[in-house]
Amino acid sequence: MSESLYWTWLSLKLGDASPYLNTLVSKYTSPKDIFEASSSEILSLEKIPESVKARLTDKNLDRAERILAECKRLGIGIMTYADQRYPRILKYTSNPPAVLYFKGQPIDFDNKFCVAIVGTRSMSDYGRDMSYKFAYELASAGAIVISGMALGVDGMAAAGALDAQAPTVAVLGGGVDVVYPKVHKKLYNNILKDGFVLSEYPPGASADGNHFPKRNRLISGLARCTLVIEGDERSGSLITARDAIRQGRPLFALPGPLCTPNAEGTNELIKSGKARMVTVVDDIIEAFNQSAFPDLDINAIGEMRYDSKKAASRYGVESKKDNRKKVIINQNQYNDEDYSEPAYVSGFESEQKEEKKEFATLSVPEKQIYDCIPEQGDVGMDLIVAATGQSVSDVTMHLLSLALKSAVVEMPGNRYRRT
């Protein structure tokens, strides 16, 4: 039997957004070994909940076989965790999926400069214009724009990249053969012409409301950084912002007009120091070592040939109707219910109280890099790359994250020292 079958079986047993894949991968050499392990061995595993252990003792492969057959019938590709095409950048996250399903032209996430653009479904005219502008200019410069193809900001980000004649990526909350929202069918088809659609959910899976907060970790996890265009304090885009922070990825946000609901979330991200304020695309690109991304050329950004309103019509991008007042004083709840999962929203709000703790936490690769920097003096990036064995692009990404966490500071000559 193929390894894909066992990886598909494992993904079904673990469920979406499982934090236990890395634990199992570190103990077993392949999913087949997990499948063939005795029930007593599985039940004796440490750091795995009893409910997950019980599922792993189920050796029925019927559903996994049906999924693979459906993928073959529909022309849907599969990337397993062990596949060379599987994004290494995603493996750095705490809960990577065992399997990714996809359609379209695969993207080299590890070597391309990928930027996630997210925001509210109830976008304003300002949000529409800025989503389009930033996506268009980033794509023109050679970046890959990643979004969730949702109503509002996500859809306009994809439209901007398409108008720049660049491939773009949509990470879906259902099967890659399920267009959601349905009104974005035209946008979906245009993305697939040169771009890429992927999901951790098998073919036919509905776009359930519980899927979207979990899906968001993939949007930020596949990107070098995340840009939040607009969203109020209850916007689902703040879930993606939270995920980016947890993953050690730089977070950027656009400032918005005071007393406007859609600016509440982004302004707070900037005010709290969780996100770096941007006003032009250069603010994002210049924050990275451009030599690590040879396809990136900030000078390639030209004058936009289309406006956002026409682009929305051309690709069928819709926005959620916003019935809120534009000026609200002394009101904390705006009912911008991008998701129906209040637990995730309240989770972000509770994390705002632990801001310093969040920035003090280093990921494993960040800690590896930090340990290479002497307590006194500085060190060049070339020595960090040689000492850690990480690629130049990965070291660049993690050094920027360390700088945003105030752990290191960049010196002249591409050298770094501890703060």
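## Pockets, sheet and unusual backbone

In this predicted model, the second largest pocket has a volume of about 260 Å³. Its lining counts 21 residues, and Ser11, Leu12, Gly15, Asp16 and Glu200 lie nearest the centre. Helix H1 (3-14), strand S2 (99-104) and helix H11 each give two or more residues to this lining. H1 gives the most, with three residues.

The largest pocket has a volume of about 590 Å³. It is lined by 24 residues, with Thr93, Ser94, Asn95, Arg246 and Gln247 closest to its centre. Three helices each supply at least two lining residues: H11 (211-221), H12 (237-246) and H18 (364-372). H12 gives the most, with four residues.

The table sets out both linings by residue class.

| Pocket | Volume | Nonpolar | Polar | Charged |
|---|---|---|---|---|
| Largest | about 590 Å³ | eight residues | seven residues | nine residues |
| Second largest | about 260 Å³ | twelve residues | five residues | four residues |

Next comes the sheet. It is open, has nine strands and shows mixed pairing. The strand order is S1-S2-S6-S5-S4-S3-S7-S8-S9. Strand S1 (77-80) and strand S9 (276-277) stand at the edges. Each has a single partner strand, so one side of each is left without a neighbour in the sheet. Strand S3 (residues 114-118) and strand S7 (residues 225-228) run parallel and are joined by four bridges. In this pair, valine 115 has cysteine 225 of S7 as its bridge partner. Helix H10 (residues 185-194) packs on the sheet. H10 touches S2, strand S5 (168-171) and strand S6 (196-199), and its direction makes about 110° with that of S6.

The loop between S5 and H10 holds proline 181. A cis peptide bond joins tyrosine 180 to proline 181, with omega about -5°.

Two residues other than glycine have a positive phi. Alanine 17 has phi near 55°. Alanine 17 sits in the loop between H1 and helix H2 (21-27). Its relative accessibility is 18%, so alanine 17 counts as buried, the limit being under 20%. Lysine 47 has a positive phi of about 65°. Lysine 47 lies in the loop between helix H4 (39-43) and helix H5 (50-56). Its relative accessible area is 71%, so lysine 47 is exposed, the limit being over 50%.

Methods. Residues are numbered from 1 along each chain as its sequence is written. This is a predicted model: local features need pLDDT of at least 70, side-chain atom pairs count only at pLDDT 80 or more; totals for chains, interfaces and linings use all residues. Side-chain values use heavy atoms; hydrogens and water are left out. On a 1 Å grid over the protein atoms alone, a cavity is a set of points where a 1.4 Å probe fits but cannot get out, and a pocket is an open set with protein on both sides within 12 Å along at least five of seven lines; lining residues have an atom within 4 Å of a point. Grid points are joined across faces, edges and corners, and a volume is the space filled by probe spheres set on the points. Ala, Val, Leu, Ile, Met, Phe, Trp, Tyr, Cys and Pro count as nonpolar, Asp, Glu, Lys and Arg as charged, and the others, Gly among them, as polar. Two strands pair if DSSP finds at least two bridges between them. Contact means heavy atoms within 4.5 Å. Axes are lines fitted to C-alpha atoms, for helices over the stretch in contact, and angles run from 0 to 180 degrees between N-to-C directions. Buried means under 20% relative accessible area, exposed over 50%, partly exposed in between (1.4 Å probe, protein chains only).
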